[in-house]
Amino acid sequence: MGAATSSIQIEGASAEDGKGENIWDVYAKEEGRIHGGQNAVTACDHYHRFRDDVAMMKEMGLKAYRFSVDWSRGLPEGRGRVNEKGVRFYQELIDELLANGIEPYLTLYHWEMPYELYKCGGWMNPRSVQWFGDYAKLVAERFSDRVKYFFTINEPQCFTGLGYLTAEHAPGLKAPVRDTFEMAHNILKAHGRATQMLREYGKQKLTIGLAPTAGMTYPASGSAEDIEAARESLFSLPDLPVWTWNVAWWSDPVIFGKYPEEGLVKYEKYLPKITDEDMKLISEPIDIYGQNIYNGKCIRMGKDGKPEEVKRFDGFPRTAANWPVTPEALEYGVKFLYERYRKPIYITENGISCADVVSIDNKVHDSNRTDFLARYLRALKKAAGEADVRGYFQWSLMDNFEWNKGYSERFGLVYVDYQTQERIWKDSAFWYRDVIKNNGNNL
Ligand code: NOJ
């Protein structure tokens with residue numbers, strides 16, 4: 001059991017020690033893009049405080065920590081010249097984690113395309129496969145003597161959908177649908193190429209996977225029909241144009257070496273040329289399968305024999321981000337994913353945004369978060385009886401830069417006072433420490 005973060009969301013030091021710009025650095029400078037005109041220039045100042053932050057993780061009893069490397073910190077132009085100071089930062093972070101008995105899990109791409117590569121087309125450029133592969137080689141050469149676990153790409157659903165369809169995230173474009181399929185294909189190939197490079201240049205036997213996401217599903221009842229309806233619905237593909245939030249288009253090719261038939265028909269006129277060679281690269285074998293799970297839809301079998309969504313009642317429990325609270329998503333989501341893909345599963349993210357405040361006693365009483373995590377972890381325990389669940393990362397270790405929402409959403413176990421950078425453990429952090437100590441037996 002551990003916690004997760006990502007580079008730009010916590011590091012700060014966005015222009016220090018030779019780091020290049022990434023699309024989020026640039027995007028945040030544009031007026032009207034980010035809540036309150038905020039940016040990640042300082043964020044949680046983790047770049048300078050990482051030793052204290054690791055000490056905090058140790059005190060919390062975290063067994064594992066999932067973080068990401070900012071591509072443009074190691075390679076300021078995204079390729080070619082290496083920025084040794086940037087590399088050193090991650091090496092020191094990794095050493096610190098290991099010295100404190102915390103297993104590092106490294107994500108290569110958590111949405112920060114180096115701006116210089118974006119100018120060359122970013123994921124639209126077929127050469128992005130090569131760029132990402134070369135970056136993975138650097139990661140393997142410099143970090144894999146100490147890091148064993150790698151996730152190539154985080155939530156491709158979100159950075160393509162929000163970045164290129166709805167324009168809510170960097171780079172903030174409404175691209176033609178055709179382009180997004182082209183990008184998706186390149187991203188999947190880049191994942192395959194990175195997997196190959198990590199293996200080839202890894203300094204020990206590495207464990208490699210990816211970390212996609214999607215809304216999960218769960219059945220309205222325990223009946224076989226409803227369960228089947230929920231299962232079918234989870235792997236079905238959405239209509240155009242906002243098509244990226246789904247499981248099968250991103251995971252079937254990686255694990256089965258082919259795109260789902262339903263999509264090949266449904267999306268036919270938008271698809272790029274797909275070759276056997278591409279599919280071979282995309283399906284380079286992975287060792288583990290990650291999934292970021294936050295919520296899901298309740299599904300039942302309709303009278304017409306087709307799955308239908310059960311409408312949520314007014315007042316349905318919701319997080320501060322207005323996301324529904326549906327612990328069943330962690331039980332059924334994990335079961336369904338395991339049934340289909342048969343890979344050891346990691347919950348690479350799960351958590352809740354709450355309206356946290358520091359109370360008069362200087363503590364943060366986030367009972368909603370504790371309640372949420374307890375429910376979700378209980379649900380995961382149920383799934384673990386049937387699926388090979390290898391790990392769980394709470395999102396997030398501490399409050400951080402929530403993309404276009406800036407600092408207005410607080411997802412952390414630890415409260416961050418952005419004026420002083422003081423870290424205050426929320427009640428849920430103490431609770432999580434106990435859960436870890438008891439190995440979940442007190443849930
Ligand atoms: C998904 C993303 O991977 C992470 O960066 C984000 O902060 C959380 N979920 C919460 O929205």
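Colleague: Let's start with Asn295. Where does Asn295 lie?

Modeller: Asn295 lies in the loop between β7 (289–292) and β8. Keep in mind that we are looking at a predicted model.

Colleague: Why does Asn295 count as buried?

Modeller: The relative accessibility of Asn295 is 17%. Buried means under 20%, so Asn295 counts as buried.

Colleague: Which residues is Asn295 in contact with, leaving aside its neighbours within four places in sequence?

Modeller: Among them are Gly215, Met216, Trp323, Pro324 and Tyr376. Contact here means heavy atoms within 4.5 Å.

Colleague: Now the helices. Why is α10 called roughly perpendicular to α14?

Modeller: Helix α10 (residues 224–234) and helix α14 (residues 328–341) pack at an angle of about 70°, with their axes 11 Å apart. Angles of 65 to 115 degrees count as roughly perpendicular, so α10 is roughly perpendicular to α14.

Colleague: Which residues make that contact?

Modeller: From α10 come Ile227, Ala230, Arg231 and Leu234, and from α14 come Gly333, Phe336, Leu337 and Glu339. These residues divide into five nonpolar, one polar and two charged.

Colleague: What makes one of them polar?

Modeller: Gly is counted among the polar residues, and Gly333 is part of the contact.

Colleague: Leu337 caught my eye. What else is Leu337 in contact with, leaving aside neighbours within four places in sequence?

Modeller: The list includes Met216, Leu234, Phe235, Val247, Tyr289 and Ile345. Leu337 is also one of the residues with the most contacts inside the largest nonpolar core, along with Trp24, Trp71, Trp123 and Phe132.

Colleague: How many residues does that core have, and which helix gives the most to it?

Modeller: The largest nonpolar core has 131 residues. Helix α9 (residues 177–201) gives the most, with ten residues. There is also a second, separate core of twelve residues, including Tyr105 and Trp395.

Colleague: Let's turn to the strands. What makes β6 and β9 edge strands?

Modeller: The open sheet has three strands in the order β6-β8-β9, with mixed pairing. β6 (216–219) and β9 (307–309) each pair on one side only, and that makes them the edge strands.

Colleague: How do you know that β8 and β9 pair?

Modeller: Three bridges join strand β8 (residues 296–301) to β9, and the two run antiparallel. Pairing needs at least two bridges, so β8 and β9 pair. One example is Arg300, whose bridge partner in β9 is Glu308.

Colleague: Which strands of the sheet does α14 touch?

Modeller: α14 packs on the sheet and touches β6 and β8, and its direction makes about 100° with that of β6.

Colleague: How many bridges join β12 to β13?

Modeller: Four bridges join strand β12 (residues 414–417) to strand β13 (residues 422–425), and these strands run antiparallel. They form a hairpin with four residues between them, and Gln421 in the turn has a positive phi of about 65°.

Colleague: Two more residues, please. Why do Ala13 and Trp111 count as buried?

Modeller: Buried means under 20%. Ala13 has 6% relative accessibility, so Ala13 counts as buried. Trp111 has 5%, so Trp111 counts as buried too. Neither is a glycine, but Ala13 has a positive phi of about 45° and Trp111 has one of about 85°.

Colleague: Lastly, which peptide bond is cis in the loop between α8 (156–164) and α9?

Modeller: The bond from Ala170 to Pro171 is cis, with omega near 5°. Pro171 has its place in that loop.

Methods: Residues are numbered from 1 along each chain as its sequence is written. This is a predicted model: local features need pLDDT of at least 70, side-chain atom pairs count only at pLDDT 80 or more; totals for chains, interfaces and linings use all residues. Side-chain values use heavy atoms; hydrogens and water are left out. Axes are lines fitted to C-alpha atoms, for helices over the stretch in contact, and angles run from 0 to 180 degrees between N-to-C directions. Angles under 35 degrees count as roughly parallel, over 145 as roughly antiparallel, 65 to 115 as roughly perpendicular and the rest as oblique. A nonpolar core is a set of buried Ala, Val, Leu, Ile, Met, Phe, Trp, Tyr and Cys residues joined through side-chain atoms within 4.5 Å. Buried means under 20% relative accessible area, exposed over 50%, partly exposed in between (1.4 Å probe, protein chains only).
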